[in-house]
Amino acid sequence: MIKAVTGTKDILPTDIPRWKYLEQTVEKIFRNFNYKEIRTPIFEETSLFARGIGEETDIVGKEMYTFKDRSDTSLTLKPEMTAAVVRAYNEHSLGAQQSLVKLFYTSPMFRQERPQAGRFRQFHQFGAEAIGSKSPLLDAEMVQMAYEILVSLGLKNLTVKINSLGTPETRDKYKQLLKNFLIDKKDKLSEDSRRRFETNILRIFDSKVESDQKIIKDAPKLVDHLDEESKTDFEVVKEQLEKSKIPFQIDPALVRGLDYYTKLTFEIDSGSVGAQTALCGGGRYDLLIETLGGKSTPATGFAAGIERILLACENEKCFTVPEPTIDIYLIRIDSELESVVSELAGKIRKENLTVDYDYLQRSVKAQMREANKMNARYVLFIGGDEYKEGKMNLKNMSTGVEEKVSLIKFQELVEKLKFQ
Ligand code: AMP
């Protein structure tokens, strides 16, 4: 038997109601903040992600699904959405029509990571990007939207972490400070961190190695060395979050080791999902639009992982979705009435009601079992003596009450199904 590829998952009919509930909650909140939906292709030219995420990152370095198509173009299945959205923003000059463009998306993503609970190779993200303003109010809005979505889903065990990376100039100065601090401790760092010391020193903060963390704990903090503008903006974000009653903590280790990330970074973690705690992450990326060939334009955004959020919801028993039901199940009493049943089903479906019936020549008892399994609100018995008299028996499955409906008064049946 051929099975699904490692790290991918089928979303089965029984999973769908929870996905739909999440997607509807997400969309409602994005629309409340006046974000418009965007959809971009599943694959892009590899260079977009190489430049848009950065050669230095794990994603580009070792996780992308990259392949050559038949004309030898290198393509990559999208591992994240920001670069793709910015590509679309630049390509269609979206900024020319509107100075601030607020977009949201839901999409599958692909990364060849080691699969584990909450980590897949095809997973889904929703997220938002606001392109065209450097206002820290928008940064706060990102945290607020993400938090509101998670809280609306019923999640409680959440930690909001924020940090500021300042401007690239501030960061360069800070990198030197960090270098000075680490230089005589370098030999004690892990191999990965020793490499990062040379290539991208800020990413040493990402190290999960305990001995690295002990060393880095006492390092000078970027957030204590911010330029005036970044400091003021960070204060505005904090103030806004306080006003919105969003509890947060400052995490100086929350860095994105890429030069076009600026000022705010944030992450929301859950204590209910095991090792992979991050439900969403985001921040400001004022230099990315230019890096991808557009006009210099400030922007901010975030992305959240749907599988991980659903896992947290399941573990916290956040919400229950109603059992799927159908409006009516048609039970055929006489086998020769098969085509009558099929025709009637067609007519009822046109009235925008959910109908099903038996396609397997099963007994009346088995048809009744099927109606129960489908949670039918009504069953209609077609056949027997009643049918010869031009009538059918309609049973309300929740009350058990039966009544006769006339074969020729179709509208009466429809009214009953719709309004009872
Ligand atoms: P990132 O784009 O890496 O900042 O990730 C944003 C969010 O996407 C994370 O907080 C996770 O919830 C989710 N995510 C990232 N990678 C994976 C993955 N491999 N499997 C499942 N969810 C993921």
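How far does a backbone N or O atom of G305 lie from an oxygen atom of the ligand? The legends below start there. Keep in mind that this is a predicted model.

**Figure 1. Polar contacts between the protein and the ligand.** Here's the answer: an oxygen atom of the ligand and a backbone N or O atom of G305 are 3.2 Å apart. The backbone of A278 joins in too, with a polar atom 3.0 Å from an oxygen atom of the ligand. With E113, it's the side chain that takes part: one of its polar atoms sits 2.6 Å from a nitrogen atom of the ligand. On its own, the ligand has 480 Å² of accessible area, and the protein covers 86% of that.

**Figure 2. The shell of residues around the ligand.** Zoom out a little and you'll find 14 residues around the ligand. R111, E113, F120, Q125 and L279 come nearest. Sort the shell by class and you get 6 nonpolar, 3 polar and 5 charged residues. Three strands, β6 (122-131), β10 (278-284) and β11 (299-305), each chip in at least two residues. Of the contributions to this shell, the largest share is that of β10, with 3 residues.

**Figure 3. K263, a residue with positive phi in a strand.** Most residues other than glycine have a negative phi. K263 isn't a glycine, yet its phi is positive, near 50°. To find K263, look in strand β9, which covers residues 262-270. Is K263 buried or exposed? Its relative accessibility is 5%, so K263 counts as buried, the cut-off being under 20%.

**Figure 4. N375, a residue with positive phi in a loop.** N375 is another residue other than glycine with a positive phi, in this case near 60°. Its home is the loop that links α14 (364-373) to β14 (376-382). N375 has 29% relative accessibility, so it counts as partly exposed.

**Figure 5. A nonpolar patch on the surface.** Which residues make this nonpolar surface patch? They are I42, F43 and F67, and the patch comes to about 250 Å². To get your bearings, start from I42, which is in the loop between β1 (36-37) and β2 (43-45). I42 has a relative accessible area of 35%, so it counts as partly exposed.

How values were computed. Residues are numbered from 1 along each chain as its sequence is written. This is a predicted model: local features need pLDDT of at least 70, side-chain atom pairs count only at pLDDT 80 or more; totals for chains, interfaces and linings use all residues. Side-chain values use heavy atoms; hydrogens and water are left out. A residue is near a molecule or strand if one of its heavy atoms lies within 4 Å of it. A polar contact is a pair of N or O atoms within 3.5 Å; within protein, one must be able to donate a hydrogen and the other to accept it, and residues adjacent in sequence count only if both atoms are side-chain atoms. Accessible areas come from the Shrake-Rupley method with a 1.4 Å probe; for residues, only the protein chains shown count as cover. Helices (H or I, at least four residues) and strands (E, at least two) are DSSP runs, numbered from the N terminus. Ala, Val, Leu, Ile, Met, Phe, Trp, Tyr, Cys and Pro count as nonpolar, Asp, Glu, Lys and Arg as charged, and the others, Gly among them, as polar. Buried means under 20% relative accessible area, exposed over 50%, partly exposed in between (1.4 Å probe, protein chains only). Patches are made of residues with over 30% relative accessible area and no salt bridge: like charges are joined within 9 Å, nonpolar side chains (Val, Leu, Ile, Met, Phe, Trp, Tyr) within 5 Å. A salt bridge is a side-chain nitrogen of Lys or Arg within 4 Å of a carboxyl oxygen of Asp or Glu.
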